[in-house]
Structure formats: C-alpha cells, structure tokens
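Here is a quick tour of the pockets in one protein model, plus a few residues worth a look along the way. Have the structure open as you read.

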Amino acid sequence: MAGEPPISVCGNATGDAELKFLSSGAAVCSWTLACTPRVKKGDEWTDGETVFYRCSAWRQQAENCAEVITKGMRVLVTGRLKVRSYESNGEKRQSIEIDVEHVGPELRYATARVNKVGRSSA
C-alpha cells in the first residue's frame, strides 16, 4: 500500500538482529522490538501491556543493523506499519510488522559512535 503514514516506536530488541540474503542477493535484517508504555498513577509508575513489533530493514541498512542491534538494546524505529494474518495450530493470529525506513540507538540511556559507511555501486 502507498500513502500510509509512518510510525515511530522506541523499544528494546528482544534478541540479536538476524541477517539473511534472498535469492536475488538482497539483504534483509529482522528483529523484534518490545515496547512497554509506562503510566504514572498517583505517585507510582506502572507498566502497560507490552506490544511486540517485528522489524525488517533492507539492503545496506540491513547489513548495518545486523552489526549493531543486539538483545536488550534500546532502539528508535521509523517505518511503515503492516499487520499480517496467519494461522498457527488451527488458530488465527496476527503479527504487527514495521518496514524500517530509519533506525538508531536511543541515546537517553546509552552512548554511540557513528561510523559512516561508504557508498556501494549497486
């Protein structure tokens, strides 16, 4: 679909990013992002329900993500939201996915060094 608005989410990677190459040679990197909202009720903070997003980055960005994203890392992701329906053990299920356009570390709780990647002749 074209024209859907981008979504931005911040969460923790639930595992190391996984890099795969399609038969066409294109790289795709996938990881799951867990996002738990915190709400202040009175004087206490409580955690809301966690939402899990399956994230997919492509080509050079995929290779960069595979080198950097590790389990527990706090990540900011902007991309296009997709909902996939599937059947597992006779049950209908849905997964929420993000086609990643932009990704980076969340710098509130960490620091990062940026290494610029040279352009490839693809």
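To read the make-up of a pocket lining, you need to know how residues are sorted: Ala, Val, Leu, Ile, Met, Phe, Trp, Tyr, Cys and Pro count as nonpolar, Asp, Glu, Lys and Arg count as charged, and the others, Gly among them, count as polar. With that sorting, the lining of the largest pocket comes out as 10 nonpolar, 5 polar and 2 charged residues. Keep in mind that this is a predicted model.

**The two pockets**

How much space lies in the largest pocket? About 530 Å³. It has 17 lining residues, and the closest to its centre are Asn64, Cys65, Val68, Pro105 and Asn115. Two elements give two or more residues to this lining: helix H1 (59-68) and strand S8 (91-105). Helix H1 gives the most, with 6 residues.

The second largest pocket holds about 240 Å³ of space. Its lining is made of Cys10, Gly11, Ala34, Cys35, Thr36, Pro37, Arg38, Arg74, Glu106, Arg108 and Tyr109. Here the elements that give two or more residues are strand S1 (7-13) and strand S3 (27-35). By kind, the lining of this pocket divides into 5 nonpolar, 2 polar and 4 charged residues.

Here are the pockets side by side.

| Pocket | Volume | Lining residues by kind |
|---|---|---|
| Largest pocket | About 530 Å³ | 10 nonpolar, 5 polar, 2 charged |
| Second largest pocket | About 240 Å³ | 5 nonpolar, 2 polar, 4 charged |

**A closer look at Glu106**

One of the residues lining the second largest pocket is Glu106, found in the segment after S8. Is Glu106 buried or exposed? Its relative accessibility is 11%, and buried means under 20%, so Glu106 counts as buried. A polar atom of the Glu106 side chain lies 2.5 Å from the backbone nitrogen of Arg108, and Arg108 also helps line the second largest pocket. Leaving aside residues up to four places away in sequence, Glu106 touches Cys10, Arg74, Val75 and Leu76. Cys10 and Arg74 are among the residues lining that pocket too.

**Two residues with positive phi**

Which residue in helix H1 has a positive phi? That is Arg59, with a phi of about 55° although it is not a glycine. Arg59 counts as exposed because its relative accessibility is 56%, and the cut-off for exposed is over 50%.

Asn89 is not a glycine either, and its phi is positive, at about 55°. Asn89 sits in the loop between strand S7 (74-88) and S8. With 81% relative accessibility, Asn89 counts as exposed.

Key. Residues are numbered from 1 along each chain as its sequence is written. This is a predicted model: local features need pLDDT of at least 70, side-chain atom pairs count only at pLDDT 80 or more; totals for chains, interfaces and linings use all residues. Side-chain values use heavy atoms; hydrogens and water are left out. On a 1 Å grid over the protein atoms alone, a cavity is a set of points where a 1.4 Å probe fits but cannot get out, and a pocket is an open set with protein on both sides within 12 Å along at least five of seven lines; lining residues have an atom within 4 Å of a point. Grid points are joined across faces, edges and corners, and a volume is the space filled by probe spheres set on the points. Helices (H or I, at least four residues) and strands (E, at least two) are DSSP runs, numbered from the N terminus. Buried means under 20% relative accessible area, exposed over 50%, partly exposed in between (1.4 Å probe, protein chains only). A polar contact is a pair of N or O atoms within 3.5 Å; within protein, one must be able to donate a hydrogen and the other to accept it, and residues adjacent in sequence count only if both atoms are side-chain atoms. Contact means heavy atoms within 4.5 Å.
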